[in-house]
Amino acid sequence: MNIQVGQNIRSLRRKRQVSQEDLAETLGVTVQAISKWETRKANPDLMLLPKLAEYFEVTIDNLFYINEEENLLLEDSAHILEQNSSWWASITEADMTTIALPHYGFFTPTEDTLCLIGDVRGKNILEIACGSGDSLVWMGKKGAKELWGLDISSTQIKRSNALLKENGQKANLFVSPMELNPGLPHGHFDLVFSIYGLGWSMDLEKTIIHITEYLKPGGRLIFSWDNPLMQCIITENQKYSFSRSYVEEEEILISNYGEVFHLHNWKLSTYLNCLAKHGFLIEQVVEESEYDEKETNIFHEGEFYSAGRAKYINPAFIIKARKL
């Protein structure tokens, strides 16, 4: 039995969908106190336990019991993520199209233009789905204090380690799906970011919950991903047309050299609502494209990313949010 009271308080609070502010007001304590309990930096006063138990409608004993299944995956999800890991391992360096800082995606403005990240000197940085490590190297060169990363693919982590070493930098890297915490510290990071990585999540809510835990209060999350409409549009017969529903958030299967990859096409509103639900303030949503106007007149049959498409829909979105 795990007797981490604060972790259980966090779990009970989220099940009731109440904020730290609401719980603090009910108990007559500060929001900072609630945050310290939930990040295991302090425990609630024993005199508060009866009030906590009454509020959550559990026994005091229940406050000391934590369900270890919180950091487990359902069997189906675990199988899918295992397939996804195998898919990434099958991709060779020649097959990869790396998107890394200062770039946020295909046909998007760069960080030099957007200035979303700001000064990272002396800050603790975590990248979700760090891939081959290019963005971590960029952060290191900008003066980040600590570099951390996780990726579902051991092959990608090996590439990250090699690139970091080549550039004289060190990082704490983990092989893990983003839906699980492989041992990352809570309340430690000033910035969590993901460049074309977060959208691979098969359980967006669980991923966002973990990111909330990793960040310090006031810490920021910045991530980019395909415009969900991109997966709904095909190019054929000199036309752009819809091939699937945007509103149904379908799970899409992608094949590569005999391996199958699963992608859940979340709507933009699903990302925003999930962030808001778990204590983030949305500071900026970027939907902008940069391309050569001359290229928009060239129709690329069957091509997923092109200037022609970018003229009609922004290929990517970028979200900047702050943990309250």
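Let me start with strand 1, where both faces are covered: on one side Asn124, Leu126 and Ile128 are buried, and on the other side Ile125 and Glu127 are buried as well. I should say straight away that what we are looking at is a predicted model, and that strand 1 covers residues 124–128, with 5 of its 5 residues buried.

What does strand 1 pair with? On the one hand, 5 bridges join strand 1 to strand 2, which is made of residues 146–151, and the two run parallel; within that pairing, isoleucine 128 stands opposite leucine 150 of strand 2. To get from strand 1 to strand 2 the chain passes through helix 8, residues 134–141, and this β-α-β crossover is right-handed. On the other hand, strand 1 is also joined by 3 bridges to strand 4, residues 189–195, and these two again run parallel; here the bridge partner of isoleucine 125 is leucine 191 in strand 4.

Now, please follow the chain into helix 8, where Ser135, Leu136, Val137, Trp138 and Met139 are buried. Which elements do the buried residues of helix 8 pack against? They pack against strand 1, strand 2, strand 3 (172–175) and strand 4, and also against helix 7 (111–114) and helix 9 (154–166). Just after helix 8 comes glycine 143, which takes a positive phi of about 100 degrees.

Let me turn to the nonpolar cores. In soluble globular proteins, nonpolar side chains tend to be buried together. In this model, the largest nonpolar core has 62 residues, and those with the most contacts inside it are Tyr104, Ile117, Met139, Val192, Ile208, Ile211 and Leu221. Met139 is thus a name we have already met among the buried residues of helix 8. As for valine 192, if we leave aside residues up to four places away in sequence, it touches Leu126, Ile128, Ile211, Tyr214, Leu215, Arg220, Leu221 and Ile222. There is also a second, separate core of 16 residues, which includes Ile9, Leu23, Ala53 and Leu63.

Finally, a few words on the protein as a whole, which has 12 helices and 11 strands. Of its 324 residues, 50% count as buried, and the protein exposes about 16000 Å², of which carbon and sulfur atoms supply 50%. If we consider contacts between residues at least 6 apart in sequence, 69% of them join residues that are at least 24 apart.

Key:
Residues are numbered from 1 along each chain as its sequence is written. This is a predicted model: local features need pLDDT of at least 70, side-chain atom pairs count only at pLDDT 80 or more; totals for chains, interfaces and linings use all residues. Side-chain values use heavy atoms; hydrogens and water are left out. A nonpolar core is a set of buried Ala, Val, Leu, Ile, Met, Phe, Trp, Tyr and Cys residues joined through side-chain atoms within 4.5 Å. Buried means under 20% relative accessible area, exposed over 50%, partly exposed in between (1.4 Å probe, protein chains only). Contact means heavy atoms within 4.5 Å. Helices (H or I, at least four residues) and strands (E, at least two) are DSSP runs, numbered from the N terminus. Two strands pair if DSSP finds at least two bridges between them. A crossover is right-handed if, with the strands pointing away from the viewer, the path from the first strand over the helix to the second runs clockwise. Accessible areas come from the Shrake-Rupley method with a 1.4 Å probe; for residues, only the protein chains shown count as cover.
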